Amino acid sequence: MNKTRSDCFIKARRVISGGVNSPVRAWRAVGGNPVFVDRAQGSKIYDVSGKEYIDYVLSWGPMILGHAPAKVTAAICNTAKKGTSFGAPTQAETQMAKLITEAIPSIQLVRLTSSGTEATMTAIRLARGFTGRNMIAKFDGCYHGHSDSLLIKAGSGVATLGIPDSPGVPKELARLTLSLPYNDISALEKAIDTHGSNLAAIIVEPVAGNMGVVPPQKGFLEKLRELTAKNGILLIFDEVITGFRFTFGGYQNLIGIKPDLTCLGKIIGGGMPVGAIGGKKEIMEKLAPAGDIYQAGTLSGNPLAMSAGLTTLNIIKSKINSFALLDKKTERLCSEMEKLFSEKGIPVCINRCGSMFTIFFQQGPVYDLKTAKKSDTALFARFFQAMLKKGVWLAPSQFESVFISFAHTNADIDQTIDACSKTLKNL
Ligand SMILES: *Cc1c(COP(=O)(O)O)cnc(C)c1O
């Protein structure tokens, strides 16, 4: 039976609010009905009618090995046979925490959660409890999950839907969150001058991925580390996307900056629901039951998630040299597409960091949320739909990152460049 996208979406909307379980899946930013997925393997994803696409969304980052890698699938199946949740400790959780502390030197102790949102939420509570201060600061366009304190100028899904601050977030709480322009050292200095002694923490995506890819400018993160340390403010790196995306470790490994706390998710779960928070022992020990700052989760450190995550991280560890290849593959794709756009006379600014990138439909440069928003989102939407027709599934919003996995072949890249060339002929 040839099920159409609209059939699926109509049925979904009858029983699921908005038809989806996470807003960006509804494709509001590009129009039309979202593709309903049947299955995926390697770099390919298949819809319910059997059409094949090269997948550049990769579940929004986690599937760095591609879909359904044999070893991960086998590990999940074997674990499932032994029971799927116990509400009691398992050795797999210790192994996972040990692997994380080995990979990221700033992390001495870990707490595992079921999502990135829980990790960042916990980081904020921990920072407030540890410092005895109430205010926090974040950066415009950085997304740190959907908890109240962090849903302020939060980029991507939120930027796309045009909800700067969600109704339901009390003003009283929002007032405790400062949002500063990304990459703007002088705004940071001013904010710390004014509020420094009230700030519990500053949280940042070390490479922003939720307003489209915006890498940190030289000196920005260094200054952030210097000023937070000087003022007794905890520095939280939200590495939910960037953790294990560029190396066996976090982006912090590459730049040699040690935050006080780090949040992880996505890749460390190998496609299962996971998050983690980790950092300095003296801070992490304040969490209950060692300390009195409460945090908990019925499914935290779930056996299936641990087996998928551990298998994934061990493969990454054994393939650490493959990151250079991944980088090269992504660079070739970006530079070839850049050439095609330039030949066609359509101005684009491609921001790339390793295997994640965004094609901003504008001249650029894009270095913060304000500059990201100058993009021609209508033209982006037309490009997205035309690429999709040709079997290339990009992120369905201008303000998201595109990801490449170890499973993407040179043939996939060639096919994508070809699809781009054909798309631009008629754009
Ligand atoms: C995805 C994401 C989160 C939230 O993780 P969930 O597992 O979706 O709750 C937090 N921070 C960043 C940077 C993310 O990209």
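This report walks through two sheets, a ligand site and some backbone features of a predicted model.

## The four-stranded sheet

Let's begin with an open sheet built from four strands, arranged in the order 1-2-3-13 with mixed pairing. The edges belong to strand 1 (37-41) and strand 13 (392-393). Each of these has a single partner strand, so one side of each is left without a neighbour in the sheet.

How do strand 1 and strand 2 pair? Strand 2 covers residues 44-47, and its pairing with strand 1 is antiparallel, over four bridges. If you would like a spot to look for in the structure, find alanine 40, which stands opposite isoleucine 45 in strand 2.

A helix also joins the picture here. Helix 15 (residues 410-425) lies across strand 2, strand 3 (52-55) and strand 13. Its direction makes an angle of about 105° with strand 3.

## The ligand and its surroundings

Next comes the ligand. Around the ligand you will find Ser115, Gly116 and Thr117, then Tyr143, His144 and Gly145, and further along the chain Glu205, Asn210, Asp238, Val240, Ile241 and Lys266. By character, this shell divides into three nonpolar, six polar and three charged residues.

Which atoms of glycine 116, threonine 117 and lysine 266 lie at short listed distances from ligand oxygen atoms? For glycine 116 it is a backbone N or O atom, 2.9 Å from an oxygen atom of the ligand. Threonine 117 brings a polar side-chain atom to 2.6 Å from a ligand oxygen atom. In lysine 266, an N or O atom of the side chain is 2.6 Å from an oxygen atom of the ligand. As for cover, the ligand taken alone exposes 380 Å², and the protein buries 83% of that.

## The three-stranded sheet

Another open sheet has three strands, in the order 11-12-14, and its pairing is antiparallel. At its edges stand strand 11 (349-353) and strand 14 (402-403). One side of each is left without a neighbour in the sheet, because each has a single partner strand.

Strand 11 and strand 12 pair in the antiparallel sense, and five bridges link them. Within this pair, asparagine 351 stands opposite threonine 358 in strand 12.

## Backbone details in the loops

Some loops hold backbone features that you may like to look up. Where are the cis peptide bonds described here? One runs from alanine 288 to proline 289, with omega near 10°. Proline 289 sits in the loop between helix 10 (281-284) and helix 11 (303-318). Another joins glycine 364 and proline 365, with omega about 0°. Proline 365 belongs to the loop between strand 12 (356-360) and helix 13 (369-372).

Finally, take a look at phenylalanine 244. This residue is not a glycine, yet its phi is positive, near 65°. Phenylalanine 244 is located in the loop that lies between strand 8 (234-238) and helix 9 (251-255).

How values were computed. Residues are numbered from 1 along each chain as its sequence is written. This is a predicted model: local features need pLDDT of at least 70, side-chain atom pairs count only at pLDDT 80 or more; totals for chains, interfaces and linings use all residues. Side-chain values use heavy atoms; hydrogens and water are left out. Two strands pair if DSSP finds at least two bridges between them. Helices (H or I, at least four residues) and strands (E, at least two) are DSSP runs, numbered from the N terminus. Contact means heavy atoms within 4.5 Å. Axes are lines fitted to C-alpha atoms, for helices over the stretch in contact, and angles run from 0 to 180 degrees between N-to-C directions. A residue is near a molecule or strand if one of its heavy atoms lies within 4 Å of it. A polar contact is a pair of N or O atoms within 3.5 Å; within protein, one must be able to donate a hydrogen and the other to accept it, and residues adjacent in sequence count only if both atoms are side-chain atoms. Accessible areas come from the Shrake-Rupley method with a 1.4 Å probe; for residues, only the protein chains shown count as cover. Ala, Val, Leu, Ile, Met, Phe, Trp, Tyr, Cys and Pro count as nonpolar, Asp, Glu, Lys and Arg as charged, and the others, Gly among them, as polar.
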